[in-house]
Amino acid sequence: MLRLAGNRLSSSLPWRSNYKATANNITMMSSDGPVNITPNSTLSPEQFRCSNTDHQILFHVLEACKLSSNFQTAIEIHARIIKLGCGAYPSLISLLISIYVSCDRLNLARPLLNEIPSWDLDLISANLIIARFMKIGDIDIAKRVFHKMPARDVVSWNSMIGGCVKNARFQEALSIFRKMLSSNVEPDGFTFASVITGCARLGALDHAKWVHGLMIEKRIELNYILCSALIDMYSKCGRIENAKEVFDSGRSNHVSVWNAMINGLAIHGLALDAIAIFSLMEVENISPDSITFVGVLTACSHCGLVEQGHKHFDLMRRHYLIQPQLEHYGTMVDLLGRAGRLEEAYALIKEMPMEPDVVIWRALLSSCRTHKNSKLGEIAITKISHLNSGDYVLMSNIYCSIRKWDGAEIVRDMMKKKGVRKNSGRSWIELAGVIHQFKAGDLSHPETEPMYKLLEGLIRRTKLEGFMPLTELVLMDVSDEEKEGNLNYHSEKLALAYGVLKMSPGIEIRISKNLRTCPDCHCWMEIVSRVLNRVIIVRDRIRFHRFEGGLCSCGNYW
DNA sequence: TTAGGGTTAG
């Protein structure tokens, strides 16, 4: 076996006459004598001495290091290059970079990429560098490599687009995709999978429809990954009916596609439909996996279907023999907590066979906020080791809700001392293919003046219709910045005002938000939908709210 | 060398 592996290796090398290679050993045949390299071995000083003036030899040795993933020797040669002053050879440095990247030593590659005046990287190595740096969120390096490449192939573009999506730079991903379309490289299924995900995360329906159309036009074959991505995209863009169309037409028996559909229904508050799809899986003999149950349990959680949740949790364990993982306990704690069964939720946490994580404690903390339970809230918050701004806000809100002002004061002081700032909420609206984004009290938009004027008029009208701002929330608010913005200027209200300003009457207004919708804004949107007689759809962090005729599809359960 | 669907919170 070893010999075979060695033969394969040596036959793929262009300079094989210079050395012999097996899977575990490479021997350089230089004019100075043989140089032996084995994976993870080091070069002896003698071996260095025989090649120290010949950068060509170093180049070949590095090539061999790359093939044998001999990272240790590469480092030694790197040191030798520095000592010999061979750094002027881009070919050597480029090779070192690609070795470091393929061995996942990005910290060693980074300074070389920053320092080297010109690169001599092959296409595959450059693509790998883009992908790996994008994976760790180092977008600048990835971009620099991409822009310096003399030629780019479909993988280069895909790595850039996919990388931007992974790093939540959705608009940038779309912009790169547009540039790709005007280049001479054709997008493929990989490109669309990333672009579709970007549209889903943005909730940008116009973009979504355009991208789907393009995919059809370019005759991209629909595999199960693209199919689940499309279902997810339409669901997250508020078009559950389109998601269903894709689901029905795809007729995939891959579990991921079913999971995407179940989750889509869940975020639309259609728990019973989600359960029906799950039952259909049983009929069609498609085995659910652990993600399927996350979807079904989430659907139950967001609609208050406690018994159905219990039933499916048991089904998962007993019938499908899937051991509940942290995320399943997370959804169960969330389900019980939202429904006000806080003690049961806490009991479940104590029963868990594994250590509960912060997600679980935050789910309990959040439920304590909803149901005004400071005792369990205090327990939950002490279990979260690294408190973030949201945790402080929740705890402060719990104290405010039960008028325990001294408790709230202590939390606020802690926030001040630790310099914790509340993250601002953001909402955005897509108009004619452009995404307009707002923060609370935002004054940066060029049409700020007419937008605020319209908003103030709208607030006056809704007050005449009986809208009372939930001022309790202002008291709870711990951020000075937020206080200035006030409830009236929350980001979703600004986005709505902008939509009313720019869109013809009667057309539904669609807003996306990065956080959960605020109860005051939720109540206000209900009244606005009646006053203006138009449909307003708000996608918050976890689900859709469809406001029509004064009511919301969530039935005030969220 | 590149892709999808998954629990909480602000």
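Of the atoms of DNA strand B within 4 Å of the protein, 47% belong to sugar or phosphate, the remainder being base atoms. The model is predicted, so local features need pLDDT of at least 70 and side-chain atom pairs pLDDT 80 or more, while totals for chains, interfaces and linings use all residues. Side-chain values rest on heavy atoms, without hydrogens or water.

Around DNA strand B there are 48 residues, where near means having a heavy atom within 4 Å of the strand. Among these, Asn158, Ser256, Asn259, Asn263 and Glu327 come nearest. A polar side-chain atom of Asn158 sits 2.5 Å from a base oxygen of the strand, and one of Asn223 is 2.9 Å from a base nitrogen. The backbone is met too: an N or O atom in the side chain of Lys166 lies 2.5 Å from a phosphate oxygen of DNA strand B.

Turning to the protein itself, 22 salt bridges are counted, each a side-chain nitrogen of Lys or Arg within 4 Å of a carboxyl oxygen of Asp or Glu. Glu508 and Arg239 form one of them, at 3.7 Å from N to O. This pair links distant parts of the chain, 269 residues apart: Glu508 is in the loop between helix H28 and strand S6, and Arg239 in the loop between helices H13 and H14. Both residues also belong to a salt-bridge network with Glu241 and Arg510.

A more local example joins Arg338 to Asp334 at 3.0 Å. The two lie in helix H19, 4 residues apart, about one turn of the helix, and both are buried (under 20% relative accessible area).

Methods:
Residues are numbered from 1 along each chain as its sequence is written. Chains are lettered from A and ligands numbered from 1 in the order in which they are written. A polar contact is a pair of N or O atoms within 3.5 Å; within protein, one must be able to donate a hydrogen and the other to accept it, and residues adjacent in sequence count only if both atoms are side-chain atoms. Buried means under 20% relative accessible area, exposed over 50%, partly exposed in between (1.4 Å probe, protein chains only).
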